[in-house]
Amino acid sequence: MSTAMNFGSKSFKPRAPDKGSFPLDHFGECKDFKETFMKCLRDNNFNNSQCRLQSKDYLECRMNHQLMAQEPLEKLGFRDLMDPPPNQADKDAKP
Amino acid sequence: MLLPLLVRQSLCRPQTPVLFLRCVRTLRCDAPQVLHSQDEHFLRRRLPLRFHTQSRGAKSRKRQSKSQEEEWKTRNKTVLTYIVAAGVGMIGLSYAAVPLYRLYCQASGLGGTAVAGHDADLVETMKPVKERVIKITFNADTHASIQWNFRPQQTEIFVVPGETALAFYRARNPTDKPIIGISTYNVVPFEAGQYFNKIQCFCFEEQRLNPHEEVDMPVFFYIDPEFDEDPRMARVDTITLSYTFFEAKEGQKLPLPGYSYN
């Protein structure tokens with residue numbers, strides 16, 4: 001946090017998350033997906049761009065197990081990962 | 001001796017002739033007495049006149065001072081009204097300053113406030129800026145009174161602005177009783193904090209851990225694509241996200257931070 005008596009410089013103001021708080025995964029229902037994701041990160045030198053598919057899978061798992069509010073994946077920034085419509089089956093939208 | 005008498009007689013003349021007669025009559029009887037009475041009369045006549053003049057002057061002076069007093073009074077009243085109005089104006093201004101300053105801060109972006117409000121559509125439409133790679137390091141802290149083991153599951157992650165990212169923390173309750181914790185976060189450098197947007201995390205809400213339970217806590221966030229366009233952020237390559245857990249007391253409710261700018 002910012003030091004006291006420091007009116008001139010900017011201070012950090014924490015903001016609430018946009019969609020609120022994740023409920024805790026007490027039963028480890030999505031633990032496998034998390035492990036896949038972490039493994040992908042470790043393999044790719046912690047490059048998030050390479051592991052977006054796994055993160056999408058994890059969030060889908062959360063939504064399926066009522067651990068996250070159902071949201072269309074585009075709203076979570078996964079538009080590029082969405083499956084294309086059937087009439088464009090040739091195009092693959094993987095990063 | 002007759003002369004003063006005559007003079008006095010002339011003075012007596014404007015008065016009634018009776019007085020004059022009296023003057024003449026008493027002339028023969030008792031001279032000193034007459035003189036004395038004449039003197040008295042003379043004095044009596046003179047004194048009222050003088051008094052009258054004096055009173056006339058005093059009255060006019062009084063009137064003058066009265067009007068002056070009134071003038072002062074009105075002037076005082078005007079000045080007092082002005083002062084009171086200024087005082088009330090100052091108080092009103094100090095009350096109005098709060099929303100005005102907030103508006104100004106939003107317009108100018110001072111104080112680390114968000115320049116533009118967040119909208120959920122931004123997440124949908126933002127394009128990742130693939131050239132700019134930023135390293136996010138994670139830090140986990142616990143307050144001394146909470147006995148959780150809290151740590152990040154990755155020390156760092158490389159993201160680009162405009163791309164959503166997922167990160168995990170792990171918390172473990174090694175004790176035999178359930179502990180409720182509540183967390184807050186911090187982003188360093190401070191100026192980058194306004195571009196760090198969390199879609200969902202585990203902060204600011206009570207999280208309960210049962211005895212000997214271990215959970216994964218995800219943070220889903222993204223860096224605003226405008227980060228790349230900000231000249232102040234040109235040299236920023238590393239952003240540190242730091243979470244701190246505190247023990248939540250029974251019935252205590254922490255307010256959500258800050259004003260709601262969004």
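**Two chains, question by question**

Biologist: Let's start small: how far apart, N to O, are the side chains of Lys34(A) and Glu35(A) in their salt bridge?

Modeller: Keep in mind that this is a predicted model. Side chains of opposite charge can pair when their charged atoms come close. Here Lys34(A) and Glu35(A) meet in a salt bridge, and the N to O distance is 3.2 Å.

Biologist: Okay, and is Lys34(A) buried or exposed?

Modeller: A residue is called buried when its relative accessible area is under 20%. Lys34(A) has a relative accessible area of 0%, whereas its partner Glu35(A) is partly exposed at 33%. Because 0% falls under that cut-off, Lys34(A) is buried.

Biologist: Which residue of chain B pairs with Lys34(A) in a salt bridge?

Modeller: The count between chain B and chain A is 1 salt bridge. In that kind of pairing, the side chain of Lys34(A) comes within 3.1 Å, N to O, of a residue in the other chain. That partner is Asp216(B).

Biologist: Which residues are linked with Lys34(A) in a network of salt bridges?

Modeller: We've already met two of the members, since Lys34(A) pairs with Glu35(A) and also with Asp216(B). The network takes in two further names from chain B, Arg170(B) and Glu214(B). So besides Lys34(A), the linked residues are Glu35(A), Arg170(B), Glu214(B) and Asp216(B).

Biologist: How much area do chain B and chain A bury between them?

Modeller: Contacts first: 41 residues of chain A touch 55 residues of chain B. On the chain B side, Glu124(B), Phe190(B) and Gln200(B) lose the most area to chain A, together 15% of what that side buries. Carbon and sulfur atoms hold 55% of the total, which is about 4400 Å².

Biologist: Back to chain A for a moment: why are Lys39(A) and Asp43(A) separated by about one helical turn?

Modeller: Lys39(A) and Asp43(A) form a salt bridge, with their closest N and O atoms 3.4 Å apart. Asp43(A) is exposed, at 55% relative accessible area. The two are about one helical turn apart because both sit in helix H1 of chain A with a spacing of 4 residues.

Biologist: Which two strands does the salt bridge between Lys135(B) and Glu156(B) tie together?

Modeller: The side chains of Lys135(B) and Glu156(B) meet at 3.6 Å, N to O. Each one has its own strand, so the pair ties together parts that are 21 residues apart in sequence. Lys135(B) is partly exposed at 27%, and Glu156(B) is partly exposed at 23%. The strands are E1 and E3 of chain B.

Biologist: How many helices and strands does chain B have?

Modeller: Read chain B from the N terminus and you get α-α-α-α-β-β-β-β-β-β-β-β-β. For chain A, the tally is 2 helices and 0 strands. For chain B, the tally is 4 helices and 9 strands.

Biologist: Which strand gives the largest share of the largest nonpolar core?

Modeller: In soluble globular proteins, nonpolar side chains tend to be buried together. This core has 63 residues, and Tyr169(B), Met217(B), Ile239(B) and Tyr243(B) touch the most other members. The largest share, 7 residues, comes from residues 214-223 of chain B, that is, strand E8.

Biologist: Which residue of chain A does Met217(B) touch?

Modeller: Leave out residues up to four places away in sequence, and Met217(B) still has a list of contacts. Among them in chain B are Trp148(B), Phe150(B), Tyr169(B) and Phe245(B). From chain A, the name on the list is Leu24(A).

Biologist: Now for some backbone oddities: which peptide bond is cis, with omega near 0°?

Modeller: Most residues other than glycine have a negative phi, and most peptide bonds are trans. Phe46(A) has a positive phi of about 60° and is found in the loop between helix H1 and helix H2 of chain A. The cis bond leads into Pro189(B), in the loop between strand E5 and strand E6 of chain B. It is the bond from Val188(B) to Pro189(B).

Biologist: Last one: which residues form a nonpolar patch on the surface?

Modeller: One member, Val88(B), lies in helix H3 of chain B and is exposed at 55%. Together the patch members have about 290 Å² of accessible area, and they are Leu80(B), Val84(B) and Val88(B).

Note on methods
Residues are numbered from 1 along each chain as its sequence is written. Chains are lettered from A and ligands numbered from 1 in the order in which they are written. This is a predicted model: local features need pLDDT of at least 70, side-chain atom pairs count only at pLDDT 80 or more; totals for chains, interfaces and linings use all residues. Side-chain values use heavy atoms; hydrogens and water are left out. Patches are made of residues with over 30% relative accessible area and no salt bridge: like charges are joined within 9 Å, nonpolar side chains (Val, Leu, Ile, Met, Phe, Trp, Tyr) within 5 Å. Accessible areas come from the Shrake-Rupley method with a 1.4 Å probe; for residues, only the protein chains shown count as cover. A salt bridge is a side-chain nitrogen of Lys or Arg within 4 Å of a carboxyl oxygen of Asp or Glu. Buried means under 20% relative accessible area, exposed over 50%, partly exposed in between (1.4 Å probe, protein chains only). A nonpolar core is a set of buried Ala, Val, Leu, Ile, Met, Phe, Trp, Tyr and Cys residues joined through side-chain atoms within 4.5 Å. Contact means heavy atoms within 4.5 Å. Buried area is the accessible area (1.4 Å probe) that two parts lose on being put together, summed over both.
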